[in-house]
Amino acid sequence: MAELKLHILKPSVNNMAARVFVRAAKLKFVEDDAWGKTRSPEYLKKNPAHMTPMIEMKGLPNGVIWESCAIMQYLSNKHGLTRFYPKAAAKRAMIDSAMFYLIGTLYPLVARATYPVLGFAQYAGEVGSSNLDASHKAEAQAAAKAAIAEPLDVFHKFFMGGGKFIGGAKPSIADIRLAATLEFLNVVDYDLPAWAKTYMANMEKALGKAYAEPAADVRGYIAHVRSQAK
Ligand SMILES: N[C@@H](CCC(=O)N[C@@H](CS)C(=O)NCC(=O)O)C(=O)O
């Protein structure tokens with residue numbers, strides 16, 4: 001088995017983050033497309049949470065880990081990639097805070113705003129997955145879309161603080177996670193503030209093909225969804 005096996009779903013921005021990272025870090029890896037496999041007995045045996053991205057690697061206590069941010073943290077730690085994940089405790093704390101804030105606050109809003117259009121299922125207990133009528137679902141989706149502006153502004157003002165990236169002059173793992181997340185907003189024609197458009201362009205410029213290749217899969221999916229809606 002290859003040293004690092006990454007199980008992925010190509011249309012997903014959670015996956016895009018891990019896929020951009022392994023490329024940007026120039027790690028040796030193989031990718032396995034998990035489309036249609038995540039609920040199979042074989043996959044569930046490895047990962048009862050049926051999540052992608054998931055890495056499979058010798059030395060991990062249970063053989064695999066999932067969660068995009070944990071994957072990037074682990075691989076950075078393992079390979080000493082301090083340019084993506086600084087070692088100094090205070091700098092690292094900023095990256096961790098940005099990623100937890102993204103996963104806990106920004107991403108749920110992005111999911112509520114975009115998943116109905118992307119055709120992805122929402123979590124149990126969400127208005128989007130309930131039996132409420134279409135107008136309630138549309139209201140919840142619009143409210144989530146409107147609420148995205150605040151955390152976005154927090155990323156800009158607090159985590160970037162006038163710098164180019166959360167990581168300062170160069171992209172960190174938190175930047176990879178943020179830029180990938182923002183890719184989904186295109187599907188709902190979200191009007192990104194000017195700074196965010198510049199930020200996305202800077203990310204793609206800084207990471208080149210490492211960013212563009214996985215982004216093309218997400219963008220391709222969005223284009224497909226749009227073509228079906230016509
Ligand atoms: N917080 C997780 C989210 C992962 C996630 O939601 N993965 C979805 C794709 S976007 C998945 O693998 N779904 C397949 C399934 O549940 O069977 C991360 O950042 O990795």
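**Figure 1. The largest nonpolar core of this predicted model has 69 residues.** Which two of them touch the most other members? They are F21 and I166. Several elements chip in with at least two residues each: strand β1 (5-8) and the helices α1 (13-24), α3 (68-79), α4 (89-118), α6 (149-160), α7, α8 (194-207) and α9 (209-229). Helix α4 is the top contributor, giving 12 residues to this core. Where does the core sit relative to the two domains? Domain 1 (5-79) and domain 2 (89-229) both put residues into the core, so it lies between them.

**Figure 2. Here we zoom in on F21 and the residues it touches.** Skip the neighbours within four places in sequence, and F21 is still in contact with L27, M72, L75, S76, L81, F84, I173 and I176. As noted above, F21 shares with I166 the title of touching the most other members of the largest nonpolar core.

**Figure 3. A second core stands separate from the one in Figure 1.** How many residues does this second core hold? It has five, and L9, A34, M54 and V64 are among them.

**Figure 4. This view looks at T181, a residue in helix α7.** Helix α7 covers residues 173-183. Is T181 buried or exposed? Its relative accessibility is 0%, and buried means under 20%, so T181 counts as buried. Who is packed around it? Leaving out neighbours within four places in sequence, T181 is in contact with V13, L102, L106, Y107 and V110.

**Figure 5. The ligand has 14 residues around it.** The closest are T38, R39, T52, E67 and S68. Now for a few polar side chains and the oxygen atoms of the ligand. For R39, an N or O atom of the side chain is 2.8 Å from a ligand oxygen. T52 has a polar side-chain atom 2.7 Å from an oxygen atom of the ligand. With R177, the distance from a polar side-chain atom to a ligand oxygen is 3.1 Å. How much of the ligand does the protein bury? On its own, the ligand would expose 520 Å², and the protein buries 85% of that.

**Figure 6. The last view shows how domain 1 and domain 2 meet.** According to the domain assignment, the chain has domain 1 at 5-79 and domain 2 at 89-229. Their C-alpha centres are 20 Å apart. Which residue counts go into the contact? Domain 1 brings 19 residues, while domain 2 brings 24.

How values were computed:
Residues are numbered from 1 along each chain as its sequence is written. This is a predicted model: local features need pLDDT of at least 70, side-chain atom pairs count only at pLDDT 80 or more; totals for chains, interfaces and linings use all residues. Side-chain values use heavy atoms; hydrogens and water are left out. Helices (H or I, at least four residues) and strands (E, at least two) are DSSP runs, numbered from the N terminus. Buried means under 20% relative accessible area, exposed over 50%, partly exposed in between (1.4 Å probe, protein chains only). Contact means heavy atoms within 4.5 Å. A nonpolar core is a set of buried Ala, Val, Leu, Ile, Met, Phe, Trp, Tyr and Cys residues joined through side-chain atoms within 4.5 Å. Domain bounds come from an automatic or database domain assignment. A residue is near a molecule or strand if one of its heavy atoms lies within 4 Å of it. A polar contact is a pair of N or O atoms within 3.5 Å; within protein, one must be able to donate a hydrogen and the other to accept it, and residues adjacent in sequence count only if both atoms are side-chain atoms. Accessible areas come from the Shrake-Rupley method with a 1.4 Å probe; for residues, only the protein chains shown count as cover.
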